[in-house]
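Subject: Structure for your review

Dear colleague,

I am handing over the structure we spoke of, and I would be grateful if you could read the notes below with it open beside you.

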Amino acid sequence: MPRRTLRGRRTTAAALISTSAALTLAATLVQSPANARPDTAPARHRDGTAAGVMEHLQRLEAIGDRHDGRASGTPGYRASRDYVVKKLRKAGYEPRVQEFDFPYFEQLGPSTLERTAPTQQTYVEDTDYVLMTYSGSGDVTAPVQGVDLALGDLATSTSGCEDADFAGFTAGNIALVRRGTCPFSDKVTNAEEAGASAVIVMNQGTAGRTDALAGTLGGPGTEIPAIGTSFAAGEALSAAGTSAHVATDTASEIRTTWNVLAETRGSRKNVVMAGAHLDSILGGNGINDNGSGSAALLEVAESMGGQAKPNNRVRFAWWGAEELGLLGSDHYVAQLSAANPKRFQKIALYLNFDMVGSPNYALMVYDGNNSAYPVGPDAADGPKGSGAIERSFHRFFEKYGTGSDETPFSGRSDYGAFIALNVPAGGLFTGAEGVKTPEQAAKFGGTAGESYDECYHAECDDLGNVSRRAIKANTAAILHSVTKYARSTRSVNGDRTGHQPPPPAATPRRSSHAAHAHPGDPVAR
């Protein structure tokens, strides 16, 4: 393979690669073996190619191996940040590291739930019960005391929502409350203030709310163990004379993490933003989720070079703490829109790249015009211009020769904060734990009836868990879209500068469901 071009010598002409040039590059990429092992990528490659993305992924894998993952709040994320910053500086950028605090949570060891009286029963973690996010630590054996459970009325429950519910509660007992009405954090806080040594939140018992309850307390602050159980387990533990053993081992605290931002030197009349989250889940290297998007974005940023002066300024972003609820992008949008609204207003569009290398992939484009997925519980309303971004991606993949599919414009990845303030957005996605359809298998290859990524949010999300073919196609698409909008955003925002601000009383466009793009964030009530 030819040696990599020195990144410091890129020119504006190179940065503003034409659509035809991007397609030529894409065609060249297809000629490489589609099934080449990711860990055999050459060390030197042409700028803007999938081989460069694989080189970045190898480095992120090495960082994860050294530090037991790359999650925000850990040494592995700090090292990932430093790697991106080093590469950006070498490419001629002046990267900015934006620091912010966030609520960190880690389960340090297995938890325990056992009934010790009147008969012994051991419950299975993640089957009968689930440790609550931001639970405190402790090891408690004590009587279980039900709190306003009203098990005869399964339609509603206010159990544990009011201080009065704990009148007569015996300090030191384990409080058993039922899901409903108020946030879990209110129930657990009230129980802790009443002297409970641990809290068990049982599921509601209504249709769809009987399984083991996965919940979050919203942030650090709880010092006692808190777990959620199935309705059946909770009902058994509510019997008179029941005692239980509850043990948890957690880290729940405020930690610091960072976003990384870098931009070209072009005009600020219109700012084109492109982002990907850099963090992994705890205990995993996160090579597909989302090393793939981060590495592809870094390769495109390097290929443009920090000295380029396109018609529109391009601002690249690597977000922190996405896996804990889109915290990095939310922080950036909230801070910039409040501190410098005129600068925020110049953002013409935002492009998001979250998981672009799934092993059993489909090449999916965010449905920005809501044509395939109408606005509803699983799809947010795309700001005007989002449909144009969607069409551009589809046209690219059509010319590339692969075709493309659509994924809901849910707002549950880092573009959520942008569309909430009416910034047009779009992006690419190759699938998580969802199941590949026969139609997608016919179009893209792979196996129908199996998940796009069987290692989604698992320790096995490593270098062997990415499709080089998907990386090639999406790297070419990202390169094409970023350079296209660096030349002109007219197809998205017409002749205006930036984006149209939302009306003062506008309803946020983000979906009402959990924030993350992939299911996993627990419900709050």
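The notes that follow take the sheets, then the helix packing, and then some individual residues.

Please keep in mind throughout that this is a predicted model.

I begin with the sheet that has β3 at one edge. This open sheet is built from eight strands in the order β3-β2-β9-β5-β6-β7-β8-β4, and its pairing is mixed. Its edge strands, each of which pairs on one side only, are β3 (121-122) and β4 (129-131). At the β3 edge, strand β2 (residues 112-117) pairs with β3 in the antiparallel sense over two bridges, and within that pairing Glu114 stands opposite Thr122 of β3. Helix α5 (residues 184-193) packs on this sheet, where it touches β6 (174-178), β7 (198-202) and β8 (226-229), and its direction makes about 145° with that of β7.

The other sheet to look at is also open and mixed in its pairing, with eight strands in the order β1-β10-β12-β11-β13-β16-β14-β15. Here the edge strands, again pairing on one side only, are β1 (96-107) and β15 (405-407), and the twist from one strand to the next averages 25°. Within this sheet, strand β11 (residues 271-277) and strand β13 (residues 347-353) run parallel and are joined by five bridges; in one part of that pairing, Met273 has Tyr350 of β13 as its bridge partner. Helix α7 (residues 287-304) packs on the sheet with contacts to β11, β12 (313-319) and β13, and its direction makes about 150° with that of β12. Helix α13 packs on the sheet as well, touching β11, β12, β13 and β16 (425-429), with a direction that makes about 175° with that of β13.

I turn now to the packing of helices, and in particular to helix α3. Two packed helices are described by the angle between their axes and the distance between the axes. The axes of α3 (residues 50-67) and helix α4 (residues 75-90) come within 9 Å of one another and cross at roughly 150°, and because roughly antiparallel is taken to mean an angle over 145 degrees, α3 is roughly antiparallel to α4. The crossing of α3 past α4 is right-handed. On the α3 side the contact is made by Glu55, His56, Arg59, Leu60, Ile63 and His67, and on the α4 side by Pro75, Gly76, Ala79, Ser80, Tyr83 and Lys87. By class, the residues of this contact between α3 and α4 are five nonpolar, four polar and three charged.

Helix α3 also packs with helix α13 (residues 468-487), at an angle of about 120° and with the axes 9 Å apart, and α3 passes α13 in a right-handed crossing. In this contact Ala50, Ala51, Val53, Met54 and Leu57 of α3 meet Arg468, Ile471, Lys472 and Thr475 of α13. The contact of α3 with α13 divides into six nonpolar, one polar and two charged residues.

Finally, there are some points of backbone geometry that I would ask you to look at individually. Most residues other than glycine have a negative phi, and most peptide bonds are trans. In this model, a cis peptide bond with omega of about 0° joins Ala117 and Pro118, and Pro118 lies in the loop between β2 and β3. The peptide bond from Asp289 to Asn290 is cis too, with omega near 0°, and Asn290 is found in helix α7.

As for phi, Asp126, in the loop between β3 and β4, has a positive value near 70°. Asp126 counts as exposed because its relative accessible area is 57%. Thr181, in the loop between β6 and α5, has a positive phi near 75°, and with a relative accessible area of 52% Thr181 is exposed.

Is Cys182, which lies in the loop between β6 and α5, buried or exposed? Cys182 counts as buried, because its relative accessibility is 8%. The C-alpha atom of Cys182 is separated by 8.8 Å from that of Ser159, and the two residues are 23 apart along the chain.

With best regards

Conventions
Residues numbered from 1 in each chain as written. Predicted model: local features only at pLDDT ≥ 70, side-chain atom pairs only at ≥ 80, totals over all residues. Heavy atoms only, no water. Axes fitted to C-alpha atoms, helices over the stretch in contact; angles between N-to-C directions. Helix = DSSP H or I, 4+ residues; strand = E, 2+ residues; numbered from the N terminus. Parallel < 35°, antiparallel > 145°, perpendicular 65-115°, else oblique. Left-handed = near helix turned anticlockwise from the far one by under 90°. Contact = heavy atoms within 4.5 Å. Nonpolar A, V, L, I, M, F, W, Y, C, P; charged D, E, K, R; others polar. Pairing = 2+ DSSP bridges. Buried < 20%, exposed > 50% of the residue type's maximum accessible area, 1.4 Å probe, protein only.
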